[in-house]
2 protein chains.
Amino acid sequence: MVSMVSRPGVLSLAGGLPAPELFPREALSGALSKALREDPGALQYGGANQRLKEQVVGLAAERGITAKPEEIVITTGAQQGIELCVRAFLEQGGGLLLDELSYTGIHQSAALRLPKWAEVPVDLTLGSDPAAARQLLSECSAGGESMPDLAYLITDAHNPLGVSLSEERRVAWAQLLSESGIPVIEDDPYGLLWFDEPFADPLKARIPEWTLYLGSFSKILAPGLRLGFMIVPAALAEKIGVVKESADLESSGLIQRAVSTVLEGDFLSEHLARLRSVYRERRASLLDALDKHMPEDATWTQPQGGLFVWVEFGRDIDTAELLRRCLDRGLVAFLPGAAFALPGSRAVERARRSMRLSFSSLAPDVFDRAIATIVRALEEPTR
Amino acid sequence: MVSMVSRPGVLSLAGGLPAPELFPREALSGALSKALREDPGALQYGGANQRLKEQVVGLAAERGITAKPEEIVITTGAQQGIELCVRAFLEQGGGLLLDELSYTGIHQSAALRLPKWAEVPVDLTLGSDPAAARQLLSECSAGGESMPDLAYLITDAHNPLGVSLSEERRVAWAQLLSESGIPVIEDDPYGLLWFDEPFADPLKARIPEWTLYLGSFSKILAPGLRLGFMIVPAALAEKIGVVKESADLESSGLIQRAVSTVLEGDFLSEHLARLRSVYRERRASLLDALDKHMPEDATWTQPQGGLFVWVEFGRDIDTAELLRRCLDRGLVAFLPGAAFALPGSRAVERARRSMRLSFSSLAPDVFDRAIATIVRALEEPTR
């Protein structure tokens, strides 16, 4: 199916890929050449780049986070951050609190620990439900079970849902996690990719001592760099640094230097402005097309940033089957929601009649056709 | 101590760093520019590069290994290869068979599994002793203990010892491992960095189904790229690929493409010829200096490639203390052997009176002075 989805001519709303035409090729090319020309350490072993850590402190400030360089761990992408947190905090068979629909990367990393999944209901307007999570935790303690070792949340522009947590829920989550002493991975690859106004303060700005914050350069510069960062309490940064060393020694010094050069001056703020403006327009086109074509039993998110819209149907359909019909027509692809639910979980039924649409990589004028095609396939009599 | 070792003016034989003046800056700079200019996928997500896998098959052939592209896993450096093998094969509390003096990266990765270490004696002329390993294994089975889950060997230009396994011991190791059904990590970062003639066939060429072969571009191109590879049976490559995905999704597509471009044509064979010639001369100078200055109770390896010579003293000294004295003179640094023995193990005593000398990064004319300084510090009355 992967090969069909990426077949030429197929309008793909499937991948979670940033728009390649917006990659800052020239800036990166110049920065790489400069590092190779001027910096004798660029190709040598050398650990984490101190200047880059200072620049990450600056990026964090734009997110409302006060950080110090010694709280930064440079990672080989945010996925490595997930992996390092899981290894540091999730015991074999321990509990993991997470949204019932969530990023597959946390599923993959945590699955190796055979955890007890504690799944939190999440809705399309307010995000992950802290009251339900509180209920889950009190059932744990009433039942004599141990508390989860770790929580995982995507505060803003959720993957796959596209939703951002409401302010009230941020406050409630911060209170719940700090009260119960559960460290939380706050996965924030889209935090600077807001479209209309900056996202509200993330958990890291509210309960810094409980938050393992993960940032990424994949969505604001390019995924092919494989560079991200963690912001964690300094004592923990040192310990995680040791585990990071056993994982891959260090992240590429060459890439670290190039990104650091790109982050000097005003380039990033101009680049972000451009990303926001292009993605804003694509989101608007997709939302317009959904308004125009979707049947009455469909509901979807109104993302304030990121790459994704999530659509849920009221009827009992299987979106994997719907995808097959769309691909038979050779025209359009999306990701069936089932990918984002844990097998056997309560959310499977909901996920089965849902789909994730990515608006990042298509021109605004094709969404109308893409959504019309999906809806035609949806409404046709099943064979 | 790290900051003292790297102080300007100190002749450092301490680091395991390839010579920076030999990094192929221009070739890499051109290849990176080309990828950014011509390849729309260079900055996008995209998994392992198929062309690079084919080229790795070619590199493996130079090592006497017959491989297929589907047996290759591209890794973020060979350390990630170690980590992935440990995660795939070493159970929590399981047994790991390895040299009593070995690379610290295997110690770090395996330590998180709290393994039972089965330590194999290793000598300075023939390498790791398969007869002793056989004895260890039969004691395991006589004592009703389970066999080790995994073995770890550095067949050629051992880190820290600099020794290569004798042909007889290669044959005996291959027989022992395949007979007992123990998979072996063959860590081979220096396999193409021979000086006089190619190394004998590695274990991967002898018992491919039992060998998890790890290669690296760190020593033949540059460490700052963070790129390496594994060669494992195809069915395993697929499984390890999934664990790799949870570790860091994929290795940088940009770096993969740049290395692939550098590997086209004759560049690498010319580059390797140059590396061999420069390192050969540095090794000769270091060995000459050892011959000239070392006292009678010192013995050392005669490396046929790689970066390191290992020196052991007969007398009861602590090379960490010796290093401190050398640094007090502000002149010369090396790595005390203790770093390469497991704490509390039998090898600690031996390691304590040993040191690892790297000949990779200094000009040939300074080794005489460096070794003379170490020997003066060694012979002076201790305070």
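## Two copies, one shared surface

The accessible surface of chain A comes to about 14200 Å², and carbon and sulfur atoms own 53% of that. Keep in mind that this is a predicted model. Below is a quick tour: chain A as a whole, then how chain B relates to chain A, then two residues with contacts across the chains.

**Overall build of chain A**

- DSSP-style bookkeeping gives chain A 14 helices and 15 strands.
- A compact globule of 383 residues would have a radius of gyration near 21 Å, and chain A agrees because its own value is 21 Å.
- If you want a box for the C-alpha atoms of chain A, think roughly 65 × 55 × 35 Å along the principal axes.
- Burial is at 60% of the 383 residues in chain A.
- Take the contacts in chain A with a separation of 6 or more: 75% of them come from residues 24 or more positions apart.

**Charges**

- Chain A carries 51 negative side chains and 39 positive ones.
- The centres of those two sets lie 4 Å apart.

**How the two chains relate**

- A turn of 180 degrees, with a shift of 0.0 Å along the axis, lays chain B on chain A with an RMSD of 0.0 Å.
- That's the relation of a two-fold axis.
- The copies meet through the same surface, because 100% of the interface residues of chain B are also interface residues in chain A.

**Arg87(B)**

- You'll find Arg87(B) in helix H4 of chain B, which covers residues 78–89.
- Arg87(B) has 18% relative accessibility, so it counts as buried, the cut-off being under 20%.
- Setting aside neighbours within four places in sequence, Arg87(B) is in contact with Glu83(A), Arg87(A) and Leu112(A) on chain A.
- On chain B, with those neighbours again left out, the contacts of Arg87(B) are Arg113(B), Val243(B) and Ser246(B).
- Leu153(B) sits 66 residues from Arg87(B) along the chain, and their C-alpha atoms are separated by 17 Å.

**Ser29(A)**

- Ser29(A) lies in helix H2 of chain A, residues 25–38.
- With a relative accessible area of 18%, Ser29(A) is buried too.
- Not counting residues up to four places away in sequence, Ser29(A) touches Ser33(B) and Leu36(B).

Conventions. Residues numbered from 1 in each chain as written. Chains lettered and ligands numbered in written order. Predicted model: local features only at pLDDT ≥ 70, side-chain atom pairs only at ≥ 80, totals over all residues. Heavy atoms only, no water. Helix = DSSP H or I, 4+ residues; strand = E, 2+ residues; numbered from the N terminus. Rg over C-alpha atoms; globule rule 2.2 N^0.38 Å. Buried < 20%, exposed > 50% of the residue type's maximum accessible area, 1.4 Å probe, protein only. Contact = heavy atoms within 4.5 Å. Areas by Shrake-Rupley, 256 points an atom, 1.4 Å probe, with all protein chains shown as cover. Lys, Arg positive; Asp, Glu negative; His and termini not counted. Charge placed at Lys NZ, Arg CZ, Asp CG, Glu CD. Least-squares fit on C-alpha atoms with pLDDT ≥ 70 in both.
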